[in-house]
Amino acid sequence: MKKELFSTVSASVAFNNQAISTDTTTNGNIIDTRGYESILFVMQSATLTDGTYTPLIQEGDDSGLSDAAAVADADLTDTEADQAFAATDDNATKKIAYVGSKRYVRLNIVSASTSSGGTLGAVAILGHPLAAPTTA
């Protein structure tokens with residue numbers, strides 16, 4: 001028997017779909033994890049012409065992430081480097097979960113060796129709610 005997932009998760013845009021064509025760190029959206037015990041970032045690429053695109057997860061207690069710090073590998077389900085996109089990863093998905101204790105988290109993309117660039121986006125899936133069902 002299949003189980004229903006809809007009422008036990010919430011989804012937010014973690015990284016707006018956008019073209020990146022320079023070597024830089026592009027910030028995603030700050031996600032408030034209050035009321036949830038887990039968060040999974042699902043990243044998707046479109047066409048990637050060149051470069052590498054590595055996720056960088058930051059955490060903090062301030063709602064504006066003025067205290068943003070890079071998340072230790074022990075607080076992620078995989079390394080950020082293992083979930084990086086290369087120019088050969090057109091139309092691919094990758095995922096990484098945060099298991100730390102800070103309330104606010106953000107997915108950034110660090111691009112390197114880009115000239116033409118590529119397009120990426122990401123969704124944050126919040127799970128294990130303290131109260132269910134979740135709102136749509």
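Is S10 buried or exposed? S10 is buried, with a relative accessible area of 18%, where buried means under 20%, exposed over 50% and partly exposed in between (1.4 Å probe, protein chains only).

**Before you start**

The model is predicted, so local features need pLDDT of at least 70 and side-chain atom pairs count only at pLDDT 80 or more, while totals for chains, interfaces and linings use all residues. Residues are numbered from 1 along each chain as its sequence is written, and side-chain values use heavy atoms, with hydrogens and water left out.

**Stop 1: the whole chain**

Show the chain as a cartoon. There are 10 strands and zero helices, and the order along the sequence is β-β-β-β-β-β-β-β-β-β. Both kinds of element are DSSP runs numbered from the N terminus: helices are H or I with at least four residues, strands are E with at least two.

Turn the C-alpha trace along its principal axes, and it spans about 45 × 40 × 25 Å. The radius of gyration is 15 Å, which agrees with the value near 14 Å for a compact globule of 136 residues; it is taken over C-alpha atoms, and the globule rule is 2.2 Å times the number of residues to the power 0.38.

Of the 136 residues, 39% are buried. Among contacts with a separation of 6 or more, 81% are between residues 24 or more positions apart; a contact means heavy atoms within 4.5 Å.

Now switch on the surface. About 7400 Å² is exposed, and carbon and sulfur atoms supply 50% of it (Shrake-Rupley method, 1.4 Å probe; for residues, only the protein chains shown count as cover).

**Stop 2: the nonpolar core**

Select I31, I39, F41, Y53, I57, F85 and L107. These are the residues with the most contacts inside the largest nonpolar core, which has 23 residues. The elements giving two or more residues to this core are β1 (9–20), β4 (36–48), β5 (52–60), β8 (93–98), β9 (104–112) and β10 (118–129). Such a core is a set of buried Ala, Val, Leu, Ile, Met, Phe, Trp, Tyr and Cys residues joined through side-chain atoms within 4.5 Å.

Centre on F85. Leaving out residues up to four places away in sequence, F85 touches M43, Q44, S45, L48, G51, T52, Y53, A92, T93, K94 and L120.

**Stop 3: S10 and K95**

Return to S10, in strand β1. Residues that S10 touches, not counting those up to four places away in sequence, are Y36, A124, I125 and L126.

Next select K95, in strand β8. K95 is exposed, with a relative accessible area of 54%. With residues up to four places away in sequence not counted, K95 touches L40, F41, M43 and Q83. For a distance check, pick the C-alpha atoms of K95 and K3: they are separated by 22 Å, and the two residues are 92 apart along the chain.

**Stop 4: backbone angles**

Most residues other than glycine have a negative phi, and most peptide bonds are trans.

Which residue in the loop between β5 and β6 (69–70) should you select? Pick L65, which is placed there. Phi of L65 is near 50 degrees, a positive value, and L65 counts as buried at 5% relative accessibility.

H128 lies in strand β10. Its phi is also positive, near 50 degrees, but H128 is exposed, with a relative accessible area of 55%.

Finish at P133, in the segment after β10. The peptide bond from A132 to P133 is cis, with omega near 5 degrees.
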